[in-house]
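Morning, everyone. Please look at the screen while I talk.

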Amino acid sequence: MAGAGLREACDLLIEAGWVVPVEPHGVVLADHAVAVRDGRIAAVLPVAEARARFDAAEVVQRPEAALIPGLVNAHTHNPMTLLRGVADDLPLMTWLREHIWPVEAAVIGPEFVADGMALAIAEMLRGGTTCANENYFFPDVQAAVYKKHGFRAVVGLPVIDFPTAWARTDEEYFDRAGEVHDQWRGDPLIGTAFAPHAPYTVSDASFERVRMLSDQLDVPVHLHTHETAQEVADSLKEHGQRPLARLDRLGLVNDRLVAVHMTQLTEAEIHLCAERGVSVVHCPESNLKLASGFCPACALQRAGVNLAIGTDGCASNNDLDMFGELRSAALLAKAVANDATALDAATTLRAATLGGAAALGLADRIGSIEPGKEADLVCVDLSTLETQPLHHVLSQLVYATGRHLVSDVWIAGHRKLAGRVLVDFDTDAVLAKAREWRQRIAAIGR
């Protein structure tokens with residue numbers, strides 16, 4: 001214990017008009033500060049007490065901002081930033097089979113993935129996202145780019161029943177998955193998950209192997225499922241079971257399953273997910289744009305299912321704006337449930353932070369502002385015309401704030417955005433690469 005008159009050293013003290021810790025639920029702490037030491041949250045306390053207790057190497061004062069946990073984008077295909085707007089206003093399978101997959105076949109490789117990742121990381125940081133659950137090819141490249149930029153991610157290890165630029169055979173998919181997992185095992189920022197694409201592109205044998213390895217390695221399984229009515233109908237025709245029943249038969253419906261989209265659910269399936277500890281990732285804007293259906297987010301949440309939020313990829317959204325996704329999720333939940341109380345502001349913000357962290361197995365490390373957790377933190381300016389008058393902070397964050405109001409971002413205590421400016425990021429190079437890819441993709445098929 002420090003002696004009289006001595007203050008504790010810390011690396012960073014962020015003084016905010018409001019701290020929104022997420023846990024406890026729905027709490028807003030006025031005129032509070034967060035002390036950071038060695039990349040972790042050392043204390044959350046009133047500003048006056050923080051100044052008396054800590055001798056900080058750096059003090060950041062944001063008296064008109066809310067400090068929130070970094071947002072967790074729980075489902076994304078980030079290299080697809082380079083396909084933003086390539087094929088719009090089409091149903092899912094037409095979009096995939098006639099447009100996205102042919103273009104990808106022509107361009108996918110390490111360079112495409114690396115350049116798309118850099119553009120995505122810049123966009124996410126400017127929007128207050130500090131962690132992504134990634135699902136794409138060349139996870140080795142993804143992991144390296146995330147690490148280079150100090151961005152937190154869980155990188156999906158792809159499994160799909162046809163050859164791609166990443167792997168040609170089932171054995172190669174699993175061999176390469178093992179190599180990437182081993183390379184990044186124990187990294188403080190980069191984790192891995194199995195990413196079997198979807199029930200309609202993965203065999204029973206591959207699913208069983210994924211389940212066995214997921215159990216052995218204790219990693220999540222990140223899977224698109226129950227995305228469209230057509231997927232369910234095709235599964236009944238081919239397997240005699242709905243996709244979730246098939247996954248349950250194969251042992252995958254458990255607390256490691258991160259089930260994405262889930263727009264086609266019965267009440268029994270909702271309760272099965274709750275009983276087994278499945279996490280569901282709601283991607284409202286992508287589902288709306290592709291007319292895939294409506295995730296019953298309120299029913300899932302009220303049944304006790306852990307709910308997370310994701311943007312999906314830029315080819316089907318067309319952005320990585322988690323603040324936009326928050327608002328869409330809350331509004332859509334009310335319409336689907338026919339209940340204006342469904343998915344209130346505090347619950348929606350929780351889904352985009354602690355819910356996403358829990359889905360990825362990271363709830364003990366990120367997702368809320370609590371002592372001992374890693375300092376993934378975001379300042380949101382609430383002083384602007386668009387957020388005044390400020391009656392309720394949580395309400396403004398979900399219903400009135402935009403990503404353009406994110407002023408500062410830290411990941412593990414390291415500054416990534418300062419006054420809307422990216423730190424140690426060559427944005428000119430990122431933009432130049434994006435323009436090169438636009439020309440290359442436009443030339444396909446000419």
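I'll go through a sheet, then the cores, then one alanine. Keep in mind that this is a predicted model.

Start with the sheet. Strands of a sheet pair through backbone hydrogen bonds, either parallel or antiparallel. This sheet is open, has eight strands, and its pairing is mixed. Read across, the order is β3-β2-β1-β4-β13-β14-β15-β16. Which strands sit at the edges? They are β3, residues 40-46, and β16, residues 421-422. Each of those two pairs on one side only.

Now zoom in on β3. Strand β2, residues 29-37, pairs with β3 in the antiparallel sense, over six bridges. Take His-32: its bridge partner in β3 is Pro-46.

Next, the cores. In soluble globular proteins, nonpolar side chains tend to be buried together. Here the largest nonpolar core has 112 residues. Trp-95, Phe-112, Tyr-146, Phe-194 and Leu-397 have the most contacts inside that core. Which helix gives the most to this core? Helix α3, residues 110-126, with 10 residues. Pick out Phe-112. Beyond its neighbours within four places in sequence, Phe-112 contacts Pro-79, Leu-82, Leu-83, Val-107, Tyr-136, Trp-437 and Ile-441. Apart from the largest core lies another, of 15 residues. Its members include Ala-16, Val-19, Val-36 and Val-60.

Last stop, Ala-337. It lies in helix α12, residues 322-337. Why does Ala-337 count as partly exposed? Because its relative accessibility is 34%, and partly exposed runs between 20% and 50%. Leaving out residues up to four places away in sequence, Ala-337 touches Cys-298 and Ala-342. From Asp-11, Ala-337 is 326 residues away in sequence and 46 Å away in space, C-alpha to C-alpha.

How values were computed. Residues are numbered from 1 along each chain as its sequence is written. This is a predicted model: local features need pLDDT of at least 70, side-chain atom pairs count only at pLDDT 80 or more; totals for chains, interfaces and linings use all residues. Side-chain values use heavy atoms; hydrogens and water are left out. Two strands pair if DSSP finds at least two bridges between them. Helices (H or I, at least four residues) and strands (E, at least two) are DSSP runs, numbered from the N terminus. Buried means under 20% relative accessible area, exposed over 50%, partly exposed in between (1.4 Å probe, protein chains only). Contact means heavy atoms within 4.5 Å. A nonpolar core is a set of buried Ala, Val, Leu, Ile, Met, Phe, Trp, Tyr and Cys residues joined through side-chain atoms within 4.5 Å.
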